[in-house]
Amino acid sequence: ATHHLPLEKTSKGKDNSQRPNLINTMFRTIRLARALQPLGDRILVRRAAKDVQTAGGIYLPESTSKDANEGEVVAVGPGERDVTGALHAPNLKAGDSVLLPEYGGTKVKLDDEEVFLFRESDILGKFEG
């Protein structure tokens with residue numbers, strides 16, 4: 001999808017087409033992270049796009065393709081407290097690429113994008129490199 005940025009007006013009231021409004025150029029990930037901060041050991045994840053084409057080049061209808069089991073961490077909660085009150089920080093951070101279970105997570109719709117909340121223990125692994 002192509003995103004068009006609103007243009008900033010100069011002090012004289014003219015459109016300045018050379019300088020887009022810097023507030024609107026922030027990364028979408030940062031805006032999502034500020035819109036919803038997970039609590040406890042919860043992790044906010046954006047699932048990778050579904051594969052709609054097979055390795056042989058055949059296109060599949062969206063209804064038959066499985067959800068991707070990979071995702072990118074958007075935001076991380078502060079961690080979980082044990083019975084003594086000690087805080088255990090999560091092992092993941094925003095930007096990490098993770099392996100997700102086929103089912104599970106809580107679907108959350110922010111703006112026009114679907115993201116998922118998982119407990120850290122539900123996430124199966126983290127991709128390195």
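**Notebook: Phe-116 and the sheet around it**

I began with Phe-116, which I find buried, its relative accessible area being 12%. I note at the outset that I am reading a predicted model.

**Entry on the rings.** I searched for aromatic pairs and the count came to one. The pair is that of Phe-116 and Phe-118, whose ring centres lie 6.5 Å apart with the planes at 35°, so I record the arrangement as tilted. My reasoning for that word is that an angle under 30 degrees would have counted as stacked and one over 60 as edge-to-face. I then looked up the cover of the partner and found Phe-118 buried as well, with a relative accessible area of 1%. Phe-116 has a further partner of another kind, since the charged end of Arg-47 sits over the Phe-116 ring, 4.9 Å from the ring centre.

**Entry on β3.** I went next to strand β3, which spans residues 42–47, and I noted that the strand is mostly covered, with five of its six residues buried. Arg-46 is found in this strand, and I had to ask myself whether to enter Arg-46 as buried or exposed. At 16% relative accessibility Arg-46 counts as buried, because the cut-off for that word is under 20%. I also looked up what the Arg-46 side chain meets, and I recorded a polar contact with the side chain of Glu-113 at 2.5 Å.

**Entry on the pairing of β3.** Which strands does β3 pair with, and in which direction do they run? On the one hand I find five bridges joining β3 to strand β4, residues 70–76, with the two running antiparallel; within this pairing, the bridge partner of Val-45 in β4 is Val-73. On the other hand I find four bridges joining β3 to β9, again antiparallel, and here Arg-42 stands opposite Arg-119 of β9.

**Entry on β8 and β9.** I followed β9, residues 113–119, to its pairing with β8, where five bridges join the two strands in an antiparallel run. In this pairing I noted Glu-114 of β9 as the bridge partner of Lys-109. The two strands form a hairpin with two residues between them, and in that hairpin Asp-111 takes a positive phi near 55°.

**Entry on the sheet as a whole.** I then put the pairings together, and what I have is an open sheet of six strands in the order β8-β9-β3-β4-β7-β10, with antiparallel pairing. The edge strands are β8, residues 106–110, and β10, residues 125–126, each of which pairs on one side only.

**Entry on the loop after β6.** I turned to the loop between β6 (87–88) and β7 (97–99), which is where Ala-89 has its place. I find Ala-89 exposed, with a relative accessible area of 58%. Leaving out residues up to four places away in sequence, Ala-89 touches Pro-78 and Gly-79, and the C-alpha atoms of Ala-89 and Gly-79, which are 10 residues apart along the chain, are separated by 4.4 Å. Asn-91 is found in the loop between β6 and β7 as well, and I entered Asn-91 as exposed, with a relative accessible area of 67%. I looked up the C-alpha to C-alpha distance from Asn-91 to Gly-79 and found 9.1 Å, at a separation of 12 residues in sequence. Which residues is Asn-91 in contact with, once its neighbours within four places in sequence are left aside? I listed Asp-96, Glu-120 and Lys-126.

**Entry on the protein overall.** I closed with the totals, beginning with the elements, of which I find one helix and 10 strands; from the N terminus on, they run β-β-α-β-β-β-β-β-β-β-β. Of the 129 residues in the protein, buried ones make up 25%. I put the accessible surface at about 9,500 Å², with 53% of that area belonging to carbon and sulfur atoms. Among contacts between residues at least 6 apart in sequence, I note that 56% join residues at least 24 apart.

Note on methods. Residues numbered from 1 in each chain as written. Predicted model: local features only at pLDDT ≥ 70, side-chain atom pairs only at ≥ 80, totals over all residues. Heavy atoms only, no water. Buried < 20%, exposed > 50% of the residue type's maximum accessible area, 1.4 Å probe, protein only. Contact = heavy atoms within 4.5 Å. Pairing = 2+ DSSP bridges. Areas by Shrake-Rupley, 256 points an atom, 1.4 Å probe, with all protein chains shown as cover. Phe/Tyr/Trp six-rings, centres within 6.5 Å; stacked < 30°, edge-to-face > 60°. Lys NZ or Arg CZ within 6 Å of the ring centre and 35° of its normal. Polar contact = N/O pair within 3.5 Å; in protein donor to acceptor, adjacent residues only side chain to side chain.
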